[in-house]
Amino acid sequence: MKRILQLVCLIAISVPSLGQGSGVGYILDIGWSNKSQSTPVYYQSIRTITHNGFIRFHNGKGNNALQLMAGYRMDTISFQNFSQFLGPDGTSMMQYNSNAFIRRDAWKFGVINQFQFGRPGRIIFSLNTGMFYERTIRATRYGYEDGWNYKLNMEINRDNLGIILGSEIRFAWFTLGFKYEKLLRDVLNHDYILSQDLNLENSTELRGLKLNPGMAYLYLGVNIDFFDN
């Protein structure tokens, strides 16, 4: 994480010398994913909110910008698992009765290239591509009805990378946009989850979850852009 922050700081210092304008602002991401499961015994739904701050640097013509973002992501992941399995004694059948949710918080750092139409500081339509890094700082399972809560530790891949595709419209200081994000690997460490004995008292109930589906986002922002032409 320290190296990531150092890289972001280095880019933030060096890029302004290549451009003719800059901007700063805040963006609120509201995201969702309703991944359909291959069997009705599993269900999941992800809702997320991310608070982002950013700085961007425009090139000399104003038709391209590089945007550096830092954010705090908060996920609520609802899931159900009603699958059956052979119990530890090897003779009796057992069934999960999971109706729960996971709360996950993560730091998020992104680099986005913006291909712009219009004049920065006035009206802009932008096509965006980029990558981001996430660092999960905590994740906890809460039961809706069973009252069983536990922290996810070995069950989590804490570091992850993802891609961004999207577009936005900026009216002077206001931004409205839509984007698609995809993490490159699952947030869950399925190797660890599957290594446990099937049981109603451990985290094997998470084996049917997939926490890196494609996510759709609507976002709103406020920004101030400075540009000399």
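This report walks through the fold, the nonpolar core and a few local features of a predicted model.

## Overall architecture

Let's start with the broad layout. The secondary structure consists of two helices and 11 strands. Read from the N terminus, the order of elements is α-β-β-β-β-β-β-β-β-β-β-α-β. One helix therefore opens the series, and the other comes just before the final strand.

The C-alpha trace spans about 75 × 30 × 25 Å along its principal axes. Among contacts with a separation of 6 or more, 69% join residues 24 or more positions apart.

## Surface and charge

Of the 229 residues, 43% count as buried. The protein exposes about 11800 Å², and carbon and sulfur atoms supply 61% of that area.

As for charge, there are 23 positive and 18 negative side chains. The centres of these two sets lie 9 Å apart.

## The largest nonpolar core

In soluble globular proteins, nonpolar side chains tend to be buried together. Here, the largest nonpolar core has 25 residues. If you would like to find its best-connected members in the viewer, look for I102, L152, L188, L206, L209 and L211, which have the most contacts inside the core. Strand 2 (42–58), strand 3 (64–81), strand 6 (98–118), strand 7 (123–143) and strand 11 (215–227) are the elements that give two or more residues to this core.

L206 is a good place to look more closely. Leaving aside neighbours within four places in sequence, L206 is in contact with F79, I102, Y150, L152, L188, H190 and I193. Three of these partners, I102, L152 and L188, are also on the list of core residues with the most contacts.

## F79 and its surroundings

F79 lies in strand 3. With a relative accessibility of 2%, F79 counts as buried, because the cut-off for that class is under 20%.

Not counting residues up to four places away in sequence, F79 touches Y43, Q44, S98, N99, A100, F101, I102, R141, E205, L206 and L209. One of these partners is I102, which is 23 residues from F79 in sequence and 8.1 Å away in space, C-alpha to C-alpha.

## Aromatic pairs

A search of the whole structure finds nine aromatic pairs. In the pair of F101 and Y144, the ring centres are 5.0 Å apart and the planes meet at 45°, so this pair is tilted. F101 lies in strand 6, while Y144 sits in the loop between strand 7 and strand 8 (150–151), so the pair ties together parts that are 43 residues apart in sequence. The two partners also differ in exposure: F101 counts as buried at 13% relative accessibility, whereas Y144 counts as partly exposed at 44%. Ring pairs link F101 and Y144 with Y142 into a cluster.

F115 and F117 form another aromatic pair, this one edge-to-face, with 5.0 Å from centre to centre and 80° between the planes. Both rings belong to partly exposed residues: F115 has a relative accessible area of 40%, and F117 has a relative accessibility of 43%.

## A backbone detail at A172

One last spot to visit is A172. This residue has a positive phi of about 55° although it is not a glycine. A172 is placed in the loop between strand 9 (159–171) and strand 10 (174–183). With a relative accessible area of 32%, A172 is partly exposed.

Conventions
Residues numbered from 1 in each chain as written. Predicted model: local features only at pLDDT ≥ 70, side-chain atom pairs only at ≥ 80, totals over all residues. Heavy atoms only, no water. Core = buried A, V, L, I, M, F, W, Y, C linked by side-chain atoms within 4.5 Å. Buried < 20%, exposed > 50% of the residue type's maximum accessible area, 1.4 Å probe, protein only. Helix = DSSP H or I, 4+ residues; strand = E, 2+ residues; numbered from the N terminus. Contact = heavy atoms within 4.5 Å. Areas by Shrake-Rupley, 256 points an atom, 1.4 Å probe, with all protein chains shown as cover. Lys, Arg positive; Asp, Glu negative; His and termini not counted. Charge placed at Lys NZ, Arg CZ, Asp CG, Glu CD. Phe/Tyr/Trp six-rings, centres within 6.5 Å; stacked < 30°, edge-to-face > 60°.
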